[in-house]
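Colleague: Please take a close look at one antiparallel strand and its partners. Then set that part beside other sheets, contacts and nonpolar groups of the chain.

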Amino acid sequence: MYVTMMMMDHMELPPMPNGDVPLHMLNGDAPQQVILVQVNPGETFTIRAEDGTLQCIQGPAEVPMMSPNGSIPPIHVPPGYISQVLEDNTGVRRVVVTPHSECYPPSYSPALSPPSHPLAPPYIAHPQFIPASHTAYYPPASPSDVATQFYQHRLFYPEEIIPLYAMSSFIGREEPYCKPPPKKQNNYKTSSACSSTTNGHGKSHGSGSPGNKRPERRSRGSPKSSDPADQQGEDHNLETRRVQEMLSGMGRPQVSKVQSRSALVSWARAAQGDGTPISCGYELMLTDKGSDGKYRVVYSGELLECHLTDLRPATDYHVRVSAFCNAVRGPFSEPATFTTHCGPPDIPQAPRLSHRSKSFLSLQWKPPVDNGSRITNYILEWDEGKKNSIFRECYFGSQRHYKVVRLCPGMGYTFRVAALNDIGTSGFSPEVVFQTTGSHPQLPPAPRLVKVGSAWVTLEWTRPSGCSQEEPITYTLEGQEEGPEFHPKYSGTDVSCRVEGLRRSTQYSFRLRACSADWSTGPSAVLVCKTSPEKPGPPTDLRVDDVTSHSFSVMWQPPEDDGGSGPLTYILEITEGNSRESGQYKIKPATKKNLCVQTLNLPPAACPPPRVVGHVRHKEVNLEWASLGVEFSVEMFKVEETLEQEEVYRGRSTECTVGSLLPGAIYKFRVRAANDAGYGPYSEATEVTTAAGPPGQCRAPHVTMSSHTCAVVSWEACASSGADISEYRLDWGGDQDSLELVYSGTNMFCQISNLEAASSYCCRLQAVNQAGAGPHSELVTCRTPAAIPDAVQGFYLQDHIDAHHYSLSTSLSLVWEEPCCNGAEITSYTIAMGDRLISTGNVTCYVVSDLQPDSDFQVRAENAMGAGAFSQRLVARTRPLPPSPPRLECVAVGPQSLKLRWGDGSRTQCSEDTVYTLQMEDRNQRYIVIYRGPSHTFRVQRLCESSRYSFRIQAVSEAGEGPFSEIHTFSTAKSLPPTLKAPRVAQVEGNGCEVTWEAVPPMKGDRIAYLLHVLGGRDSEYKQVFKGEDTTFQLSGLQWNTDYRFRVCVCRRSADASQELCGSFSPASHFTPCRSDLALAVETSSASAPAAKAFGIASTDGQFATMMVVGLAFLSFLMAFILQFFLVE
């Protein structure tokens, strides 16, 4: 377990997600301090509320807690753990719970442990940072500490599961320190209900338990506590802050003697405000990840300088220093930055071979790290193949490859490479040897046989002539077992090989191949050798046959493994044993297994006749005889019949019971004895007569069916078994378990009646005499013939019927229950409706159509045997007829709609519940419903102009759906052409103008024409000046300075020119022709009379306008004069 708790003075909590300020939980006059409990992964932190409930927090988590009085409470830890108070240079104190054997850096002193003063008031855990968890917890060390333990908390807000956020805003960046290695912790487990603990103290619920006492809390605004322990803690905090202020004056360290891989860092001694030095230690931290990167401690001691080594060339470093005294650490100084100098390159890797031949080697190498200065050249050295460790330069340049030429074939050369930059030369790479290819050697000699075994051979060979001793050669040994092909047995560089897994006494052929990286030879001469044989195995299947009193035969099979040596010789050994009755011999045919054989004895003499023991029964007799041998055989034969003898017993006992005899019969028995030599002669026969017994088993009776309800059973006489039969008993039933006695007497037949048709029955017969009842005969089964079906039952009317296929007014659905078929499957049913007969087939439901009201019905079943009786009479009434379709007509026609109406608009003929269904034919010639409701009119929208549509209508009421009406076809009208925009008018030469308008495309094949109207001068109505298909028109002969209005409309002409539809006119366009100055100067007075008359109208208008202007000006002048006169006066 490793839990870290940090305590920070006068720190504010981060803002809550909902904007609440959690500091309202503290007393107003108490110092606000935060203890941050850090729970590591796999650990559990548990706190107790005032009501006794537990809150378990599973790590990883950080729980801020409030300290009302600013003191550090004691931490209750499990056995084997200790708590230490550590404080860093930022004033943050940590309470660390660790195993007793763990140690901490020297900058932290374990002397600052929690004081042993009385416990402070309980800490308050902030509710926003307590996740809801229910895991194991660690209870306090003693029951007396339960009331005031650190794990208690008081929640003023509802608990929520909110993840930690913005914790770094008040925790601050914390520098890493040497953390002890984790150790195996003890498992302190409790039950899920937290009812037991490992230290022997459980959760108490009694009224006198200290765990239920609630600590006394002072009210809000009460004076601070004057506890001596609290005062001592405050003094300690003041001393810690004073030391931190003394250690906060560290300046930036100085860096000197910077080299490529080393530097000297020095710093000034920490001093007080008056310049007095302070005896303390220093800690130097270094990073190469930037000023905000992760620092690592490189020095900790009392010296004022540190020599840094093992640095990387051309790298930026940052260093900072801090001072510490006892367990108090000051803040870090500002970081100092320095850059190491460039250095020679690193040692490159060994060159590698890319190509080779007999006279050249091509080498390549990779560039090493340049350490801040670009590599300019490479130095390649070799030993010239002399192997004397003396190298000479063979290449100097910037390339990373080189081809060494004029070399000897089949010879090895050693190379190494170094890199060079502006700073210096790196060390040489590891040495590497490469060899040129040589000439092809001769064929290798044939391998030699060194040693041979039954399953292996050892071979050796020599190097082929013509190849150097330094060149690596790979040898491949091939062997031939069966067939002409050789298979590899060995491949390697050794000159000897042991080939295993061979068969004994078998001839093998071997040959050798040699190859290197540049050449390979053919196969050598063939070596033929043979493996040695092995010892044969022992003979198998040793057995003895034909043993008599004076001889026997011994046989065996050849051994499974002959050792590969060919024909075998067998040795049979025999020894005579000691026996009084017969000879005993031991046989050993060249094997470790011995076989004991004993010759047979002589058979025994004839036994005395067997004797009857006890009373003779009607089926069995007990016999016994004298013992003259080891095994006995008893034979039996009947005196009255010439039957062969039957062996009834074979065994070692001297008595037996012979069963399965016939009552009142005469039998003879004889016995013989046997030993190892065989059976002796039979004894004289003993005659035995069995007693009378019950009758024997009767033969199966014969059953004859006279009808489907009557059967006659007859049987033959049964054997008497020594006594006359007194009666016969007949059992009859549906199955073997339901047999009952139906007849008892001396007759040889019996009649049984009242049977069911097409039913299975069984019977059996039994004979009885004065000795008892005999066994039953075999069971005889029979079946009565089929008959006509029974009368139909359960004939009724079904309420539901498929209205889509049948009319409810003229159709009824009849349902009945299937009657008993009496053994023959029902083939059909017949419905009688007065004199009308309807055959329905093998169904139990049928819909009768075309009915009249108040009809009566009967039904009967039929099978292969005939028709059954009719059922009871059923009277049913049909529903009223559905309504007829109304008359459909079109009352309004539009280009995109049709208004349809049906009926006369009154509801006298149809009831108020009548619903009408209007359908229209779609493009796929299917009718779809477009309206369903009680209304008598409907407007069909979104139709196409000048198109034909088909409709049909149907009326639906409570009686059902009526038939559809005839198909009615209606057509939509043509739509009017669109309205154009105002035409555009432009003046042309003279007193003419040109009028243009937009074009309209043809509408469904109809041509488009345009009408142009003009209104000018004093005309009160528009006049048509153009009608045609053009979209422009020029008009001349207009009057100067006269207002003209133009408008245009579109006309739609049908293809047959029988109809012409004109749209509405466009907005009017105004135009006034104006005369230019040049035209006024050139105009002559020899105008025609009509022209003069026309322009006279214009002159009169001009004079009238002039008079109006002069009059208005005079009136204005007069009014101004009058106003001025009255105002001045």
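Modeller: The answer starts with the strand and its salt bridge, then turns to other parts of the chain.

The model is predicted, so local features need pLDDT of at least 70 and side-chain atom pairs count only at pLDDT 80 or more, while totals for chains, interfaces and linings use all residues. Residues are numbered from 1 along each chain as its sequence is written, and side-chain values use heavy atoms, with hydrogens and water left out.

The strand I take is E47, residues 725-733. Strands here are DSSP runs of E with at least two residues, helices are runs of H or I with at least four, and both are numbered from the N terminus. Two strands pair if DSSP finds at least two bridges between them. E47 has an antiparallel partner in strand E50 (residues 760-769), to which 8 bridges join it. Within this pairing, leucine 730 has leucine 765 of E50 as its bridge partner. E47 is also joined by 5 bridges to strand E48 (residues 740-745), again antiparallel. A hairpin of 6 residues connects E47 with E48. Aspartate 731 has its bridge partner in E48, namely leucine 741.

Aspartate 731 also makes a side-chain contact. Its side chain meets that of arginine 764 in a salt bridge, with an N to O distance of 3.2 Å; the term covers a side-chain nitrogen of Lys or Arg within 4 Å of a carboxyl oxygen of Asp or Glu. This pair links distant parts of the chain, with aspartate 731 in E47 and arginine 764 in E50, 33 residues apart. Aspartate 731 counts as buried because its relative accessibility is 11%, while arginine 764, at 22%, counts as partly exposed. The cut-offs are under 20% relative accessible area for buried and over 50% for exposed, with partly exposed in between, using a 1.4 Å probe and protein chains only.

The whole structure holds 31 salt bridges. Among them is the one between arginine 392 and glutamate 384, whose closest N and O atoms are 2.9 Å apart. Arginine 392 is exposed, because its relative accessible area is 52%, and glutamate 384 is partly exposed at 22%. Another joins glutamate 481 to lysine 489, with closest N and O atoms 2.6 Å apart. Glutamate 481 is partly exposed, with a relative accessible area of 34%, and lysine 489 is partly exposed at 33%.

Now the sheets. An open sheet of 4 strands runs in the order E21-E20-E23-E24, with antiparallel pairing. Strand E21 (392-397) and strand E24 (432-435) are its edge strands, each pairing on one side only. Neighbouring strands in this sheet are turned by 30 degrees against each other on average, direction ignored; axes are lines fitted to C-alpha atoms, and angles run from 0 to 180 degrees between N-to-C directions. Strand E20 (residues 375-382) and strand E23 (residues 412-421) are held by 7 antiparallel bridges, and asparagine 377 stands opposite leucine 420 in E23.

A second open sheet has 3 strands in the order E10-E11-E14, also with antiparallel pairing. Strand E10 (254-256) and strand E14 (305-308) stand at the edges with a single partner strand each, so one side of each has no neighbour in the sheet. The average turn between neighbouring strands of this sheet is 20 degrees, direction ignored. E10 and strand E11 (residues 263-266) share 3 antiparallel bridges; in this pair serine 256 stands opposite leucine 264 of E11.

E11 and E14 also belong to the elements that give two or more residues to the largest nonpolar core, together with helix H2 (228-246), strand E12 (281-287), strand E15 (316-325) and strand E17 (336-339). This core has 25 residues, and Trp267, Tyr282, Leu284, Leu308, Val319 and Phe338 touch the most other members. A core means buried Ala, Val, Leu, Ile, Met, Phe, Trp, Tyr and Cys residues joined through side-chain atoms within 4.5 Å. E15 gives the most to the core, with 4 residues.

On the surface, Phe1114, Leu1115, Leu1118, Met1119, Phe1121, Ile1122, Phe1125 and Phe1126 make a nonpolar patch of about 860 Å². Patch residues have over 30% relative accessible area and no salt bridge, with like charges joined within 9 Å and nonpolar side chains (Val, Leu, Ile, Met, Phe, Trp, Tyr) within 5 Å; areas come from the Shrake-Rupley method with a 1.4 Å probe. Leucine 1115 is found in helix H4 (residues 1089-1128) and is partly exposed, with a relative accessible area of 45%.
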